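Student: I have a structure open and would like to go through it with you. Could we begin with a single side chain and work outwards?

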Amino acid sequence: MKQLWCGLIVFSVLFLSACDDKKSLQDLDALVYETAKPLSDFALNDQQGELVTKKQFLDQWNLVFLGYTSCPDICPMTLAKLNNVYKNLQADYPLQVWFISVDPKRDIAQKRKEYIDYFNPKFLAVSGEHKDLFPFVRELGLIYAISDSDESDYAVDHSASVALVDGSGALRAIFKPEFKQGDVPLVNTTKLTAEFIEIADYYKN
């Protein structure tokens, strides 16, 4: 009987620990999908003009951010933050940062290369035709819109969130920006790093 009680105690401790882990993950500010959402295959091009498909997501964690090289504030500020996140994590986690340009008309490969090299030449700067971009972006839980203006200096509306894609090529989480009055919406570097670690460690097995 004593052995039975000991066994029940051990089981209870393990069960409660598992529940606590789950609760802590659900308490994150990030939107975490309990069941990751597999992404469809896609065909885009990186800053070298090379084909990029779903295979580039595999066997690593991926942080994916939308933007365009003419973006005045959110894009450069977020990429600077993601570079800090990358430096904090890359020694312990296989990680790739993706900059998805949703302005393919202006952001040709060479322009994307010059832009991303300023932040980190190891990052991917990817784009493609809207017919390929839009469904890919939509599956990431993100969105963008371009006005029909004929002016050359147009703006592009896009999500300020950062998507997390796991090593199987599935959407695992979305890190949301902070909205503060008078400031542009940006992700919090410290919070994103800490929440990434919690998510990656939780799902590593």
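Tutor: Certainly. This is a predicted model. Let us begin with Tyr-144, which has a relative accessibility of 9% and therefore counts as buried, as the limit is under 20%.

Student: Which ring pairs with Tyr-144, and what is the geometry?

Tutor: The partner is Phe-134: the ring centres are 5.8 Å apart and the planes meet at 65°, so the pair is edge-to-face. Phe-134 belongs to helix α4 (residues 130-139), while Tyr-144 is in strand β7 (residues 144-146). The two are ten residues apart.

Student: Is Phe-134 buried or partly exposed?

Tutor: Phe-134 is partly exposed, at a relative accessible area of 35%.

Student: How many aromatic pairs does the structure hold?

Tutor: There are 13 aromatic pairs. One of them joins Tyr-93 and Phe-196 in an edge-to-face arrangement, with 5.4 Å from centre to centre and 85° between the planes. This pair links distant parts of the chain, 103 residues apart: Tyr-93 is in the loop between α2 and β5, and Phe-196 is in helix α5 (residues 189-202). Tyr-93 counts as buried at 14% relative accessibility, and Phe-196 counts as buried at 0%.

Student: Which residues form an aromatic cluster?

Tutor: Phe-42, Phe-57, Trp-98 and Phe-136 form one cluster.

Student: What about charges over rings: where does the charged end of Arg-106 sit?

Tutor: The charged end of Arg-106 sits over the ring of Tyr-154, 3.6 Å from the centre of that ring. In addition, Arg-172 lies over the face of Tyr-203, at 3.7 Å from the ring centre.

Student: Changing topic to the sheet: what is the order of the strands?

Tutor: Six strands form an open sheet with mixed pairing, in the order β1-β10-β9-β4-β5-β6. At the edges stand β1 (31-38) and β6; each has a single partner strand, so one side of each lacks a neighbour in the sheet. From one strand to the next, the twist averages 25°.

Student: In which sense do β4 and β5 pair, parallel or antiparallel?

Tutor: They pair in the parallel sense, over seven bridges. Within this pairing, Val-64 stands opposite Trp-98 in β5. By contrast, β4 (residues 61-67) pairs with β9 in the antiparallel sense over four bridges, and Asn-62 stands opposite Val-165 in β9.

Student: And what lies on the two faces of β9?

Tutor: Both faces of β9 (residues 162-165) are covered. Val-162 and Leu-164 are buried on one side, and Ala-163 and Val-165 are buried on the other. Strand β9 is also joined by four bridges to β10 (residues 170-175), with the two running antiparallel; here Leu-164 stands opposite Ala-173. The hairpin of β9 and β10 has four residues between the strands, and Gly-169 takes a positive phi near 80°.

Student: Which helices lie across these strands?

Tutor: Helix α2 lies across β4, β5 and β9, at about 170° to β4. Helix α5 lies across β1, β4, β5, β9 and β10, at about 150° to β10.

Student: One last helix: which residues of α3 are buried?

Tutor: In α3 (residues 109-119), Arg-112, Tyr-115, Ile-116 and Phe-119 are buried. Seen down the axis of α3, these residues fall within an arc of 90°, so they line one face of the helix. They pack against β2 (44-45), α2 (74-89), β5 (95-101) and β6 (124-126). On the other side of α3, Glu-114 and Tyr-118 are exposed.

Notes:
Residues are numbered from 1 along each chain as its sequence is written. This is a predicted model: local features need pLDDT of at least 70, side-chain atom pairs count only at pLDDT 80 or more; totals for chains, interfaces and linings use all residues. Side-chain values use heavy atoms; hydrogens and water are left out. Buried means under 20% relative accessible area, exposed over 50%, partly exposed in between (1.4 Å probe, protein chains only). Two strands pair if DSSP finds at least two bridges between them. The arc is that of the directions from the helix axis to the C-beta atoms. Contact means heavy atoms within 4.5 Å. Rings of Phe, Tyr and Trp (its six-membered ring) pair if their centres lie within 6.5 Å; planes under 30 degrees apart count as stacked, over 60 as edge-to-face and the rest as tilted. A charge sits over a ring if NZ of Lys or CZ of Arg is within 6 Å of the ring centre and within 35 degrees of the ring normal. Axes are lines fitted to C-alpha atoms, for helices over the stretch in contact, and angles run from 0 to 180 degrees between N-to-C directions.
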